[in-house]
Each structure stands twice: as structure tokens, then as C-alpha cells.
Amino acid sequence: MKLSLSRYQIKLFTLCLLFGAIPVIVLGIFSYLKSSSIIESKVLQGNDQLLLQTQTQLENTLKIIDFSIFQVASSQAVSDVLQIPIQAKDFPLVDKLLETLQRIQIYELGIRDIQLINLDYQWVISNKGYVKLDEFSDASRLSSYTLLDKPFKWISQVSDGQNGESKHSSITLVKRFPSYSVNPSALLVTQMSNQELFRLLPKSSELGSLVILDENGEIITDDLKSGFDLALRNSPLFGDVKQTPEASGYRIGRIGPEEYGFTFRKSSYNGWTYLSIVSIDSITRESKSIGWATIWASVIIIVLIILLSMQGANKLYSPLRTLYQRTAGSDDAPDPQEPQDEFQAIERRMEKMSQNYIHMTSHVQRLRQQLKPFMIFKLVQGELTHKEIEEQLQLFGFSRKFRWLAVVAIQIDTLEQTRYLESDRDLLLFAISNIVEDTVLPEHRLSPVVIEQSQVTVFSGNHESVEDFKAFMYDTIKQVQENVLAFLGLPVSAGISRPYSTYDCTPKAYAEGLDALKYRITKDTETILFIENEEPETQMVYFPEHLEKQLVEAVKFSDERRAAALLKEFLQILSNRELTHNQMQNWLMKLLLDLLYIPELPDTAFSSLDTNAIPLYVQLKRLNTVQEIEQWFTQQIIEPIIRSGEQSNEAPYNKISNEVIRIIQSEYDRELTLEECASRLNYHSSYIRRALKKSLDINFTDYLLTYRMEIAKKWLVETEMKISDMAQKLQYNNPQNFIRYFKKSTGITPGQYREMWFNNKGGE
């Protein structure tokens, strides 16, 4: 029987697949997110490190410039010119100052010009030389220089470029003299070239683009793509970075359609902001490649998991399949109502098997109960060894703790004058066995059994003495006899063996119980016989041979009355003497043999005794009482022998009569006489006459005339023969004699007989 759909196998496969696939998917997602997070973190860390490196590198350069300018400001040449209004005579000092200024304007520092502006004396000294302040080209910015709130300040100068984009020009360092004066008297302005200052800064890469803002949030330098700086300036994220008070940080936002990440650091030295802008897509591009690699790896692993899950589910399902198949009988027809789930099907079948098991268990228990009598039967018959007896007693739950055992055999005394037939004897014995089972408690007996013509029970007890045990058995059997008489209306007798102590002696005890019953020949019905009380002492007893011979003679001469009287006398002598059972059986057997072999009687006298049924000696052994023995000998032996003898004596007469009848029936149309027949049979006519009289109770002439009349009737109805021809053929002298005799025997004449027969035939 097969399932149309193995649901549980699919469930196992799904479970195995989930157990394998879920960790892979979770691990793939986790690894993708983790790798993305790590890449983003690394990029951010790289950007932050790059910003820090850029800031450090640039600020070092700026600090070197600042320090160099500080040295210039502290030099004697500057001190000398700042205290005087410069006249023609003072130009050597100016030259000396210019020489000092030119000495620090090295290419590596990117200094393009240094201007010393004296606000008190209104002059400016720069690389272009000495000029009046009112002639200075950057005079418009002096106002902003004088409003500085710090001793020095880095200022970016920005100009507008093409398409509205900002163009970066230069970076300016402005120092006041004196440094902490609210109204400085001089300014030292250092102009630097962006190209030289920012030439060592990193260019745009996958780590992002670098943007430097001044303290006002204006872009000093960047490596952004063309047109991107305007979108950057207009983005809210850019304004948030400029306005945030945080010294460093990271922001994510959109610039146009794309998402960017801003990493920024603000300098405490000059207030500049170092900003790294990186596209999130560029960061996640590697993550996507890792994601695709993870997806393909997960797909491959999941395919392997599917294959392994199918194999594993099949392995796990194999015991269930075997159990499912084994719980279904090979000859079971498919049940359309059977559930498709294997466990439900197995549960249903297990319930059915459980019911079958309960049924079989009860059946086995019934068989076991039926086997108990069989075990007792084998025990009583001596067919069990000592070891087998112990095993069987333990198997059937019989107690082995006892002091006394005895076998009780119960037999029906007689079925005469009861409502039962001999054919009912076996059923009656089983009914008696049931009564014994109900009367005797289980702890005092083994299971009652029926063996041949006896009901047999093994009694057990733990009485203090043998006498107590025997008294217990006597009272119990008495109660059994009363119950049998009350329920079945039968008299029964019981034979009890000698008490014994081991089950090995049961066969011997069974024989003793049967022997005890054999002594009820001399007892009344419903007796209880203990073998030790009934078995007489061995003594010499002589057989009544003279009485037996007289009985045989009476049978031989067919004297039935005398034979009955002699049989009663013989049995009376048998029952009055102290004989053992074997002696009684021997005497009865000798009487039977002497009656069966009377030499003067022919063999035909004993033919009626051969019934091909139960042998006579077996029937004789089954007889229990003197009355049964007398009745059996009379009805089964003596009367049949006498009747058979009488029939044998009459046999020669029957043979002669049959021969005479044969002659008459074959030669009725001849002139026959008794003397002629006697001569032909070689007997005297008087012997023939006596034989006919003895066998047929008729004489020769009457039989001949009667047979000729029967032939005449046959000719009248079957032929058209004339009556005169019939008379002649049947040896009558004239037709009148024939007609007269026919009318005398039938009441009508031959003609009337023929006419009446034809009339009856025509009416039909």
C-alpha cells in the first residue's frame, strides 16, 4: 500500500531545507550587511585619516609660514622701519627689509608676496617696493584687515568665476602690530599661492573628494567635478556641516539624485573646515559585489542543502516508511478514507492492531484456558517429564505450594430410568466437570478434565494431616454429588486415590482412582470410594466353575429362564466374595469366553454378536454395577445366542422349502406331486411336508393351487387366452373346475375378473 503524497517526507525535506537554508540566508545577509558596514566604516575611517593627514600637513605648512612671518615681524629690520615715516634717506632700511622679506619667500612654502603696511605713517612695503598707502592696490581690503579680532588671521580671497561659480584666488595671513592691540599701528600681510599651498593635497579618489572651507564657510579649495560645487553649496547638508559646532563628524544626505557621505574636521588653529565628500553608491559598490558573491555562494550552498535535505529527508523518512509499510497488511485493500498523513495512518493502523492485539490476547487467553485441560490430561496420562510439569504449572499459574495431592475420578453410575441416552454420556461428563469447577475452589484443585468415561480432578491441600485432607475431599465430593443430582438428575460415584506429595505420582494416582471406582460393583449408587479402603487383601478365591457350566448348558439348550436365574446367582457369588477388581474382571471375562465358544452351536449362532462396533471385552470393562453387568450379559450375549441358535436349527427346513417353491414356480403347468418333489430332492415326502409347514405354515397342494391362481390372473389381464385354454394349461380336468376354483378364491369368475380389469383400465 502506497501513499499518493508523502506529506511527512515533504515536511522533513522542508524542515531540513529551512534548517540549512535559514542559517545560510541569515549568514549571507549578516555578512553582506557586516561587510557593507565594515567597508563604509573603513572608508569613513580612511576619509577621517585622510582629512587628519591633510589637515596636519597643511596646518604644518601654515604654521611654518606663520612662524616665519613671526620671525620677520620680530626682526630688527621690521622694527627699524615701523618707527619712522620713510624718507629718501631711509631707503637702505627699506632695502634691508625687502631682502629679509624675500629671504623667506621660498617656493616650497608657496608665499607669493609679503606686505608690511604701516597704518600710522600710511606706507606699504612689498615685493613691488615702497608705495604710499593711498596708492596701494588692495587698499579696499585694509578696512577688513584692521577689524580683525585676533592677533593674526588666515583669510581666503575669493572671486567670481564663469557661470556663477566661485573662483579661488589666494590665501592671506594677516598679522597685527602690536599683536593684542585693539587699534594696531601696522599689518603684516602674507599672500600665498593656492597652487603651491595645496599641491600636495590628495586628489579625488574612491575615498571621496576633498573640500577645504574657511572659517566663513567659503570653499578655499576642492577637487570637485565641474558644476558640482554649486549643487554642493545649495544642499542642506552643506549648510548643516558649516553651522554645526562639532569639531568632527559624519553626515549623510542627498545632493541631487545621489546620496553622499560628508566626513568633516574643523581646525582649532585657523577655523578651517576639512571636508571629504564620498558617494554612498561608490562605497556600496564593493558591498554590492560582495553581496552578489554572497548571493551566488548562498545559492550554491542552498542547492547543496536541497540535495542533502532530499537525501537526509529520505534517510529520516526511511524508518517511518518501513513502519508505515509494516503496519499495513500485504493483503489489505486500499482504504479511500485513510488519512494521507503518515502518522495519522500509522496511528489508525496501530489502533486497529491494538484492537487486534486485544482480540488475539483474549483469544489466546481463551485458548490458554482450553489448554489447561490438555496439560492436565497429559499430566494424568504420564506424558510430562518432571521439568515439563514444573514449566507447565508455572505457565498456567497453578500453585506449587501444597502438602497433599490426590486424584478424584467421577463416573456416572447409570443412565437407566433417566431422560438421557447413551449418546449423551460425553456431554454429561463435561457438564459434571463444570459443576466440579464451580463447586471446588481453584486453590484446592487443578482444572477438571474428562478422560474417556470419567471426570478427573487433581485435588490439592495444605491440611495438617492426611485424615483432614481425606475428610475435606469427602465433604467436597459429597457436595459435588448433590449438585450433579440437583442439576442433572444423575447419580455419580467417585474414586479417590491415595494422597501423594509430588505431581510425578499423578499417573499412578489416576489409575488408583479408576481402580477404586471398579469396586462399586458391590456398592450402591452415589458412592465415594477411597482406594485404600476398598482394595482387599490378596487371598486365594476359587472360580464357581460348576455354576458357570450350568449357565453355558442352559444357553446351549435355549433355556432362557434357567439361564437368567443362573446368571443372577453367578453375579451374586461374585459380589459377595472379597475379590480384587482384576479378579472380578477375570471371572467375567472367563464367563464371556465360555458363552461365546459353545462347541455344540454352529458359527451362525454367534454372527449377530459381530457388530463391528466396540469390542465386547471393552464394553464389559465399562460396566460399573452388578445390575448393568446382568443386563448386559442378558441382552447382549445370552438372548442373541439363544435366538441365533434357534434360527440355525430352522435353517435346513428353510433350504428345503425354497427348493420346493422353486420347482412349483418353474413347473406349475405340469402335473406335480409332493412325492415327485421329494424324490427329486432325495428327501422323504413326510420330511418335505414338515419343512413346508415349519417354514411357510402351508401344505404342498395349497401352495401349488394358490400359485396357479396367480398365474391365471396374470394371463387374464395380459393376454387374450381363452378360459378353456387356461384351464387345460393349468392342469384342470375341465374349465368348470377351473372357473369354480377361481370364483372360490377371488369371489368372481375369470370372465368377470377380466371384464372388471378392462373397465377399470378404460376409466383411467
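**Figure 1. Ser-298 is in contact with Val-24 and Gly-28, leaving aside its neighbours within four places in sequence.** Contact here means heavy atoms within 4.5 Å. Ser-298 belongs to helix 8, which spans residues 280–327; helices (H or I, at least four residues) and strands (E, at least two) are DSSP runs numbered from the N terminus. With a relative accessible area of 12%, Ser-298 is buried, a class that requires under 20%, whereas exposed requires over 50% and partly exposed lies in between (1.4 Å probe, protein chains only). The model is predicted: local features need pLDDT of at least 70, side-chain atom pairs count only at pLDDT 80 or more, and totals for chains, interfaces and linings use all residues. Residues are numbered from 1 along each chain as its sequence is written, and side-chain values use heavy atoms, with hydrogens and water left out.

**Figure 2. Strands 8-7-11-10-9, in this order, form an open antiparallel sheet of five strands.** Strand 8 (219–222) and strand 9 (248–255) are the edge strands, each pairing on one side only; two strands pair if DSSP finds at least two bridges between them. Direction ignored, neighbouring strands of this sheet are turned by 25 degrees against each other on average. Three bridges connect strand 7 (residues 209–213) with strand 8 in the antiparallel sense, and Val-211 stands opposite Asp-222 of strand 8. Helix 7 (residues 236–243) lies across strand 7, strand 8, strand 9, strand 10 (258–266) and strand 11 (273–279). The direction of helix 7 is at about 15 degrees to strand 10; axes are lines fitted to C-alpha atoms, for helices over the stretch in contact, and angles run from 0 to 180 degrees between N-to-C directions.

**Figure 3. A second view shows an open sheet of five strands with the order 13-14-12-15-16 and mixed pairing.** The edge strands, each paired on one side only, are strand 13 (449–451) and strand 16 (528–530). From one strand to the next the twist averages 25 degrees. Helix 11 (residues 425–439) packs on this sheet and touches strand 12 (404–412), strand 13, strand 14 (454–461) and strand 15. Its direction makes about 145 degrees with that of strand 12. Helix 12 (residues 466–487) lies across strand 12, strand 14, strand 15 and strand 16, and runs at about 25 degrees to strand 12.

**Figure 4. Strand 15 is mostly covered, with five of its five residues buried.** In a regular strand the side chains alternate between the two faces of the sheet. On one side of strand 15, Val-492, Ala-494 and Ile-496 are buried, and on the other Ser-493 and Gly-495 are buried as well. Strand 12 and strand 15 run antiparallel and are joined by five bridges, with Ile-496 as the bridge partner of Val-408. Strand 15 (residues 492–496) runs parallel to strand 16, to which three bridges join it. In that pairing, Gly-495 stands opposite Leu-529 of strand 16.

**Figure 5. Helix 22 (residues 700–718) packs against helix 24 (residues 735–746) at an angle of about 95 degrees.** Two packed helices are described by the angle between their axes and the distance between the axes; for helix 22 and helix 24 the axes are 11 Å apart. The two helices are therefore roughly perpendicular to each other (65 to 115 degrees; under 35 counts as roughly parallel, over 145 as roughly antiparallel and the rest as oblique). Leu-705, Met-709, Ala-712, Lys-713 and Leu-716 of helix 22 meet Phe-738, Tyr-741, Phe-742, Ser-745 and Thr-746 of helix 24. By class, this contact has seven nonpolar, two polar and one charged residues; Ala, Val, Leu, Ile, Met, Phe, Trp, Tyr, Cys and Pro count as nonpolar, Asp, Glu, Lys and Arg as charged, and the others, Gly among them, as polar.

**Figure 6. Helix 20 (residues 674–681) and helix 21 (residues 685–696) cross at roughly 100 degrees.** Their axes come within 8 Å. This crossing makes helix 20 roughly perpendicular to helix 21. From helix 20, Leu-674, Glu-675, Ala-678 and Leu-681 meet Ser-685, Ile-688 and Arg-689 of helix 21. The residues of this contact divide into four nonpolar, one polar and two charged.

**Figure 7. Cys-505 and Cys-677 are shown for their accessibility.** Cys-505 is partly exposed, with a relative accessible area of 34%, whereas Cys-677 is buried at 0%. Zero disulfides, defined as pairs of cysteine sulfur atoms within 2.5 Å, are found in a search of the whole structure.
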